[in-house]
Amino acid sequence: MKHTLSVPGIAYGGDYNPEQWPEEVWAEDMRLMREAGVNLVSVGIFSWALLEPSEGRFDFSRMDRILDLLHENGIAADLATPTAAPPAWFFRAHPEALPVDESGRTLSYGSRQTFCPSSPAYRTAALRITRALAERYAGHPALAMWHVHNEYGCHNAACHCDTSALAFRRWLRTRYADDLDTLNDAWGTTFWSQWYYDWDEILPPRATGADPNPAHRLDWRRFCSDELLSLFTAERDVLRRAAPDVPATTNFMVNFSVDALDYWRWAPELDIVSNDHYLRSTDPESEIDVALCGDLVRSLAGGPWLLMEHSTGAVNWQPVNRAKGPGEMRRNALAHVAHGADGIAFFQWRAAKAGAEQWHSAMLPHAGTDSRTWRDVVRLGADLRALAEVRGSTSPARVAVVWDWNARWALELPCQPSRELRFADLVRRWYEPLWRAGVAVDFIRPDTPDLDRYRLVLAPSLYLVDDTAAAGLAEFVERGGTLAVGFHSGAVDENCHVRLGGYPGAFREVLGVHGDEPFPLLPGDSVGLAGQVPPDATAGLWTEHIRLTGAEPVARYADGVLAGVPAITRHSYGSGTAWYLATQPDPATLAAVLERMRQDAGVRPEREVPPGIEVVRRCGTDADYLFLIDHAGQGAEIPADGVELLTGKPVTGSVSVPEGGVAVVREPVTGFRIKK
C-alpha cells in the first residue's frame, strides 16, 4: 500500500447501507458490529438520491448521524462518493447522459451505472456531489479512507453515443499526435476501404454487417479504460485537495469474468489498491481463482491490498447461486490474507429485504444471529484480530507470470484462428500447477524492467507484445533467466499487425523455433505427445507446424497431421533457457513440464505438503508467516516451528492443520527477500 490505513491490524467489515433500514435498527447494527470485531465499513456508496434530492440541494443530516454513530462505536468509515448511481432527477434533466449500446439502443435509468462515461453533464454532477462530501467530511474523526465510485466499468464499460464518439476522437488525436495518416497506418485501413480522410469520420465500433477492424476495436478498449480512469482521477483529485492525508481507493474487479479495465494503468493512481472477488458457482476448485486473483492484485499493488468485497455465501447474479459450504467462507477470507490482503470486507453488512440484491448473502443474514453465517462471521473477526501482526508483510516470489490486458483484449477479438482461446483460462492452466506445488508467484507487465529478481518467467498467452517488451524478455534469458512462452504468443505488435516472417513472431530468435502455420484443434479433439513427457501425454486446443532453428525438442506430436513435428521445445540462449509450448498439454503433462522448468531454474516450493493443502508465505520484518489451508477436508501434519497464531499455541516440529481448516504459523525469518 502506498498509504497506511489508519485502522489498526487487519481491517474487517463490509458495505454498510443503513439508509435501507429504519433508524432504530442502527443501534443494533453497532452492537453486532462490535461483537463481530468490525472496525471498518464502507458507507454512502449508493446514496446519491438521498444526499442530493435535487440539483445542488444537499441533505447530509442522515450521513452526519451515521458517521457520528460509527465514530462513537470505534468503527472507521470508508466514505464513498455515490457516483455509481445517479438519481432519477439527473436523467430527467440530462437524458443525453444515458448510455447507448453498440446497436444504437439508448438504455434507461432505474438501475446502477447507467450513464455515459464521456457525458459532460454526468462529470459536472459527479464532481459537484464529490466536492460537497469532501468539504463536509474531510475532518470527520470517523473518516479513514475515501471510496471513489464503485466498480468502475462493471455495467457501462463502453458507451457508443455521439458524445462518446467525440471523446474517442479526442483520445485518438492525442495517441496519434494529431496525424491521421499515422492512425490509418496503425489501423491498417487500406483493408476493406476503411481509410479515413477526416477525424470526424471515425466512430465507435458500432454494430456492422461484417467483422470489425481489430485495431479499431483494440484502441476502443484502451479508450474506454482511460475514459473511466479520467473520471476516477477527477473525483480523487477533489478529495485530495480537501483531505490530502486521507487515502483514496476504488474497488477493482480482478476476478474470472471482468476484463474492462487495464488495471496496470489504474493501480498507480490509487493510494490503496482494493479488489472485489466473487466465486464462480460452476468452478469446482474456486480456491485456485481466489489465489490467482489475490496474487494478481498484490502484484498490481506492489504489496498488501484490501479485499473490498466478497460474499459470506451465495451471490445473486449467476444462473445458479451456490451457497458456500461449511468452513468455505473462512478459508476464502484467510486465503485472501495469505495472498496479501490487509483487509477483509464483504458485500454487505446486513442482507437487504428489497431491491435487486435481496438474495445476496451478507454478514448479518436474513435469519439474523441464530445462523451458521453469523457464527462464522464472528469467528472470522476473532481470526483476523489474531493475525494483526501479519499486516504489512509481503510475499516475494522467484516466479513471475506475464499478464497483460492489451494482449487479453486482442486475443479475444473476432477472426482468430480459434475462438476457443480465452486468455484467463490459458493463464490459469499454467498457474494451477504452481499453486498446487506451493510455489509463490508474482504477476508482471510484459515490459517490467527489473526481471532479474525472478528465476523463471512464464508467458502463457502473450498474443500481442510490443518490441520493447519482447526485447526485455529476451534479454532476461540472455542474462541467465528461464523463460517459457505459450502458443500463439508474439504473433502481433501493439497495433494488432501480424509480425511477418513466421511464428512465434517476436519470440522466434529467443525460442529457437520457426513456425509457418497454426493448426488449431476442434473442441474435444486431442493429439498424443511423445518424448520427455509422461507416456500417456496428450494435447488439445491448438497445434502448430514449427521447425527447430536452435532449440531441442522436448516432445513431438505422436499422431495427427503433424505427427513427428516438435510440440514442446527448449533453447539455450545466452546464459539462460527459453521454452516454447506450441500446444496445450493435458494438465498432468503441463504440470510435469512446468516442474522440470522450475527445478532447472532452481525454484523450490514454500513447503512440501500433501495434495489439497494450500501453502503460502508472507514475510515480515521480524518473522515469516506460513499459511496452510486445507481445501481437501482431510487435515494434515506439516513440518513447522514457531507459534500458531489462530490458537496462540507453540509449534515444535509440525503443526496440525484441521480438516477443512487453516493454520498460520509465525516462524523465524527464513524466506527469500527482495533486495532493496
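Which residues are buried in H11? In this predicted model, the buried ones are Glu 328, Met 329, Arg 330, Arg 331, Asn 332, Ala 333, Leu 334, Ala 335, His 336, Val 337 and Ala 338. Helix H11 covers residues 328–338, and because 11 of its 11 residues are buried, it is largely enclosed by the rest of the structure. After H11 comes Gly 340, with a positive phi near 115 degrees.

**Around H11**

Two residues outside the helix help to show what H11 packs against. Take Asp 383 to begin with, which sits in helix H12 (residues 372–386). Setting aside residues up to four places away in sequence, Asp 383 touches Arg 330, Leu 334 and Leu 646; Arg 330 and Leu 334 are among the buried residues of H11. Is Asp 383 itself buried or exposed? Its relative accessibility is 5%, so Asp 383 counts as buried.

Then there's Ile 344. Leaving out neighbours within four places in sequence, Ile 344 is in contact with Ala 333, His 336 and Val 337, and also with Leu 380 and Leu 384. Its other contacts are Ala 11, Tyr 12, Gly 13, Leu 307 and His 310.

**The nonpolar cores**

Ile 344 also turns up in the largest nonpolar core, which has 183 residues. Along with Val 43, Leu 70, Val 457 and Leu 458, Ile 344 touches the most other members. Helix H5 (residues 120–137) gives the most to this core, with 10 residues. Apart from that core lies another one of 16 residues, including Phe 168, Trp 171, Leu 183 and Trp 187. As a rule of thumb, nonpolar side chains in soluble globular proteins tend to be buried together.

**A strand covered on both sides**

Val 457 and Leu 458 bring us to strand E12 (residues 456–459). In a regular strand, side chains alternate between the two faces of the sheet. Here, both faces of E12 are covered: Leu 456 and Leu 458 are buried on one side, Val 457 and Ala 459 on the other. Which strands does E12 pair with? One is strand E10 (residues 399–402), parallel to E12 over 3 bridges, where Val 399 has Leu 456 as its bridge partner. Another is strand E13 (residues 482–486), also in the parallel sense, over 4 bridges; there Leu 458 stands opposite Ala 484.

**Empty space**

Now for the gaps. Rolling a probe the size of a water molecule over the atoms shows where empty space is left. The structure holds 8 cavities of 30 Å³ or more. Here's how the linings of the largest pocket and the largest cavity break down by class.

| Space | Nonpolar | Polar | Charged |
|---|---|---|---|
| Largest pocket | 22 residues | 15 residues | 9 residues |
| Largest cavity | 9 residues | 3 residues | 5 residues |

The largest pocket offers about 1100 Å³ of space. Of its 46 lining residues, Phe 46, Ser 111, Arg 112, Ala 356 and Glu 357 lie nearest the centre. Helix H2 (residues 48–51) supplies the largest share of that lining, 3 residues.

The largest cavity has a volume of about 160 Å³. It is lined by 17 residues, with Asp 295, His 339, Val 439, Ala 440 and Val 616 nearest its centre. Helix H10 (286–301), helix H14 (423–437) and strand E22 (613–619) are the elements that give two or more residues to the lining, and E22 gives the most, with 4 residues.

How values were computed:
Residues numbered from 1 in each chain as written. Predicted model: local features only at pLDDT ≥ 70, side-chain atom pairs only at ≥ 80, totals over all residues. Heavy atoms only, no water. 1 Å grid on protein atoms, 1.4 Å probe; cavity = no way out; pocket = protein on both sides within 12 Å on 5 of 7 lines; lining within 4 Å. Points joined across faces, edges and corners; volume = space filled by probe spheres on them. Nonpolar A, V, L, I, M, F, W, Y, C, P; charged D, E, K, R; others polar. Buried < 20%, exposed > 50% of the residue type's maximum accessible area, 1.4 Å probe, protein only. Contact = heavy atoms within 4.5 Å. Core = buried A, V, L, I, M, F, W, Y, C linked by side-chain atoms within 4.5 Å. Pairing = 2+ DSSP bridges.
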